[in-house]
Amino acid sequence: MGLVFEAHHRFTRRVVALKLLPDEHRRKKEPRSRLLREAHALTHVRHPGIVEVLDAGVCAEFGPYVVMEMLDGRTLDGILAARRRLSIADTVQVGRQVCDAVAHANSRGVVHRDLKPSNFFVARNEIGEEMVKLIDMGVAAVAEQELQQNGGKLTHAHEVLGTPEYMAPEQLWGREIDQRTDVYAIGMSLYECLTGEVPYNGSYPEVLVQVNDAPGPPGVRDKRHDVPPALAVVIETALEKEAADRFQTATELGRALVAASGLTPARSALLAAPADDAPNSTETPLEEEPERAIKLVRKKAPRGDGDRPSAVEPIPQHRRQHVRAPYVTPVVLRSKTGSEIQARSEEISEEGMLVVSPIGFALGAPAEVRFATPLTGEMIALPAVVRWTREGRGRTAMGLEFAGVPDVVRANIAQYIGMLPAAQQG
């Protein structure tokens, strides 16, 4: 329901992110209230792991707006679209940081209730260190005393808000939620980071039926056998159907992730592009988890025997001739029949682009991609061919190879990539 623009402060020239409502929602009472409530929630839970709000208000022409810090990086959802799954170490470090931010928000009386990879932003700070930030509080539940001071409730009893695949059972059922609801959503996001998929897919009614019929999601080691048993138990405990059986706070979950993995708190390395398109490169399993890790995890065996091969199939590798770099911007895809699809890019190089689309094209299919060029913002349309596709969660990641690039555009892309830190080039 929101549109986010890059903007520049007229006097300070600071680059900021400006969030507005699209035209169809700009005059509606509830979307207007939600956007300003988000600004309040983000300010109320200020934390290094949560995007900072700089200003908010109502413009006579464009309606309510929120001004936030501009982040340099990518969403975790975009990274997963490119790689499909993460290393065990990166998954743990992402989870640890998310848990820290969510625990702080929960302690301030805010339940996020829409935690998912698209709301986890992997950014670089001023000194180049990688960090994970929560970027959306649009449907957050704020403590009752805060609501009374800021316009009352926007969500009514039994109303369901959020993304079904990541919703805890009590949230799907329209029952009362609390911080354990966020614990479940973190667990589901980490399940996807490790396995490359979520166990429940579809519309709200479809996901509700799947959750009701299943005792729980498939075991982590059924999907990826190199995950340490204790770490699998941590994820599965976070995904328990009954809230009382989960970790009771995000702090508990974060500590268990670190202990079960045997890792010390560190930075993730997700903005450094992998060497090729194939996200399933061989990974050396972590050493056997220490005894102290097992004690922190609830005493239960991981689901599945862990002896099955990984369910994630390798994707044929396609070596690049040109350096690529993150480039997130809206694109329009036009098929050979003339139909147009709204999509977004994730990466760009002189030879092509990685896009995420609600509808996929066939391998080898021709397409036209229209987008704003880096640096200049000039709108261009380039012919392209689909070289690989990967489907998941109602969207398709596609590798497009440009069929012809004007020299001026090629130079523009090369200049943009050359301006980025080496760690973001691949």
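1. Let's start with what builds the wall of the largest pocket in this predicted model. Strands E1 (3–8), E2 (15–20), E4 (63–69), E5 (72–75), E10 and E11 (340–349), together with helix H1 (29–44), each put at least two residues into the lining. The largest share comes from E10, with 5 residues. In total the pocket is lined by 46 residues, and those nearest its centre are Leu3, Val4, Phe5, Phe121 and Val328. The volume comes out at about 2,200 Å³. If you care about the chemistry of the wall, the count is 25 nonpolar, 8 polar and 13 charged residues.

2. For the overall picture, you have 12 helices and 15 strands to find your way around. Of the 426 residues in the protein, 53% are buried. If you take contacts between residues at least 6 apart in sequence, 67% of them join residues at least 24 apart.

3. E10 turns up again when you look at the rings. The structure has 2 aromatic pairs. In one, the ring centres of Tyr327 and Tyr416 sit 5.3 Å apart with the planes at 65°, over the 60 degrees needed, so this pair is edge-to-face. Tyr327 belongs to strand E10 (residues 324–334) and Tyr416 to helix H12 (residues 407–419), so the pair links distant parts of the chain, 89 residues apart. Tyr327 and Tyr416 are both buried.

4. The other pair has a stacked arrangement: Phe371 and Phe402 are 6.3 Å from centre to centre, with 10° between their planes. Since Phe371 is in strand E13 (residues 366–372) and Phe402 in strand E15 (residues 395–402), this pair ties together parts that lie 31 residues apart in sequence. Phe371 and Phe402 are buried too.

5. Have a look at helix H2 (residues 76–83), where 8 of the 8 residues are buried. That list includes Asp77 and Arg83 as well as Leu76, Ile79 and Leu80. Right after H2 comes Arg84, with a positive phi of about 75°.

6. Helix H7 (residues 204–213) is worth viewing end-on. Its buried residues include Val207, Leu208 and Val211. Down the helix axis, the buried residues of H7 fall within an arc of 105°, so they line one face. Pro205 and Asp213 are exposed, on the face turned away from that buried side. Helix H5 (169–172) is part of what covers the buried residues of H7.

7. Val211 also helps to line a cavity. There are 3 cavities of 30 Å³ or more in the structure, and the second largest holds about 40 Å³ of space. Among the residues lining that second largest cavity are Pro169, Tyr184, Tyr200, Val211, Leu239 and Lys241. By class, its lining has 8 nonpolar, 1 polar and 2 charged residues.

8. Ala168 is a good residue to click on next. You'll find Ala168 in the loop between helix H4 (144–149) and H5. Its relative accessibility is 0%, so Ala168 counts as buried. Beyond its neighbours within four places in sequence, Ala168 is in contact with Thr181, Tyr184 and Arg246. Tyr184 is also one of the residues lining the second largest cavity. From Ala168 to Arg180 is 12 residues in sequence and 8.5 Å in space, C-alpha to C-alpha.

9. Finally, a couple of backbone angles to check. Most residues other than glycine have a negative phi. Arg13 isn't a glycine, yet its phi is positive, about 70°. Arg13 lies in the loop between E1 and E2, and its relative accessibility of 52% is why Arg13 counts as exposed. Arg113 is another non-glycine with a positive phi, of about 60°. Look for Arg113 in the loop between strand E6 (110–111) and strand E7 (120–124). With a relative accessible area of 12%, Arg113 is buried.

Notes: Residues are numbered from 1 along each chain as its sequence is written. This is a predicted model: local features need pLDDT of at least 70, side-chain atom pairs count only at pLDDT 80 or more; totals for chains, interfaces and linings use all residues. Side-chain values use heavy atoms; hydrogens and water are left out. Rings of Phe, Tyr and Trp (its six-membered ring) pair if their centres lie within 6.5 Å; planes under 30 degrees apart count as stacked, over 60 as edge-to-face and the rest as tilted. Helices (H or I, at least four residues) and strands (E, at least two) are DSSP runs, numbered from the N terminus. Buried means under 20% relative accessible area, exposed over 50%, partly exposed in between (1.4 Å probe, protein chains only). The arc is that of the directions from the helix axis to the C-beta atoms. Contact means heavy atoms within 4.5 Å. On a 1 Å grid over the protein atoms alone, a cavity is a set of points where a 1.4 Å probe fits but cannot get out, and a pocket is an open set with protein on both sides within 12 Å along at least five of seven lines; lining residues have an atom within 4 Å of a point. Grid points are joined across faces, edges and corners, and a volume is the space filled by probe spheres set on the points. Ala, Val, Leu, Ile, Met, Phe, Trp, Tyr, Cys and Pro count as nonpolar, Asp, Glu, Lys and Arg as charged, and the others, Gly among them, as polar.
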